[in-house]
Amino acid sequence: MTPTFLFLLILSLTDVSLSAPIDSEDQTGQSMDIMLRPQIDPKTPVVQDDIALPDTSSRNADPCTAKGCKWPKTGRYVYVPYYISTNYNSEESNIIIRGLESFSQSTCIRFVPWKPDDLHYLYFEAKTGCWSYVGRQNVGQYISLEKPGCLHHSTVQHEVLHALGFQHEQERSDRDEYVKILFENIKPEFKFAFEKVETNNLMTPYDFNSVMQYNKYAFSKNGKPTIVAKCDPNLDFGHAKQMSKNDIARINRLYNCCSKKTPCTISN
């Protein structure tokens with residue numbers, strides 16, 4: 001996967017089977033796609049390569065989960081409404097749905113189809129690139145999955161993880177203990193994507209197998225590594241096809257989901 005599409009988040013689904021809402025119309029004849037489009041300007045700047053930044057927020061630089069951007073929990077589960085644009089065909093929609101359903105297998109996150117009384121929801125649309133906001137916003141919010149480049153299982157998980165409140169692995173507050181960022185090899189316009197964030201690491205180790213980890217040549221200007229593992233300079237990483245055990249444990253720890261079915265144990 002090329003650095004341009006290193007945008008992989010982590011979401012979850014309901015116990016019931018999920019299906020994309022049909023292209024229905026209300027009594028005025030307006031397409032539901034048009035009615036539900038989030039009010040946040042789709043031209044909002046995108047930072048750290050795949051994180052959208054609302055004009056009034058700097059959440060991407062803060063552990064926003066301590067400031068109210070976690071999705072609320074109802075009983076045992078965290079229900080996250082979603083709507084998939086009808087610009088995706090059935091095959092494309094199913095890729096997104098399978099990515100969402102993967103969360104229900106090992107976390108307490110449940111993605112549920114949007115209902116008229118849902119004020120907060122994820123709106124999947126094929127905008128330019130793969131990106132998401134970090135954590136729950138105050139209104140419906142976009143997750144952009146451009147087709148065909150962003151329609152991969154790992155990419156859906158990656159962008160959903162951003163929406164659940166997670167940052168990239170190489171931006172962890174303790175990353176300097178595990179990796180060396182070679183800024184001299186990074187394209188100047190992308191250096192901001194390698195800055196540290198004061199993250200809540202949830203007592204989990206740095207994970208080279210995380211779906212949130214960039215590969216070692218991400219945004220290289222000269223073909224040389226931009227990220228090197230301190231434990232082994234020859235280590236290759238950043239090619240996860242799905243969430244790691246630590247990715248799953250972090251979701252369950254952050255959202256207090258720990259149980260036999262939703263493990264919070266970490267993998268070293």
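In the predicted model, Gly165 adopts a positive phi of about 115° just after helix 3. The helix that precedes this glycine comprises twelve residues, for which a rise of 1.5 Å a residue gives an expected span of 16 Å, and the separation of its end C-alpha atoms, 16 Å, agrees with that expectation. Helix 3 is mostly covered, in that eleven of its twelve residues are buried; the buried set includes polar side chains such as Ser154, Thr155, Gln157, His158, Glu159 and His162, together with Val156, Val160, Leu161, Ala163 and Leu164.

Leu164 is also one of the residues with the most contacts inside the largest nonpolar core, a set of 38 residues in which Phe124 and Tyr255 are named alongside it. At least two residues of this core are supplied by each of strand 4 (77–84), helix 2, strand 5 (109–113), strand 6 (122–125), strand 8 (141–145), helix 3 (153–164) and helix 4 (245–254). Another core, of 13 residues, lies apart from the largest one, and Val179, Ile186, Tyr206 and Ala229 are among its members. In soluble globular proteins, nonpolar side chains tend to be buried together.

Helix 2, which spans residues 90–104, contains Glu92. This glutamate has a relative accessible area of 15% and is therefore classed as buried, the cut-off being under 20%. When neighbours within four places in sequence are left aside, the contacts of Glu92 are with Asn87, Lys147 and Leu151.

Key: Residues are numbered from 1 along each chain as its sequence is written. This is a predicted model: local features need pLDDT of at least 70, side-chain atom pairs count only at pLDDT 80 or more; totals for chains, interfaces and linings use all residues. Side-chain values use heavy atoms; hydrogens and water are left out. Helices (H or I, at least four residues) and strands (E, at least two) are DSSP runs, numbered from the N terminus. Buried means under 20% relative accessible area, exposed over 50%, partly exposed in between (1.4 Å probe, protein chains only). Contact means heavy atoms within 4.5 Å. A nonpolar core is a set of buried Ala, Val, Leu, Ile, Met, Phe, Trp, Tyr and Cys residues joined through side-chain atoms within 4.5 Å. The expected span of a helix is 1.5 Å times one less than its number of residues.
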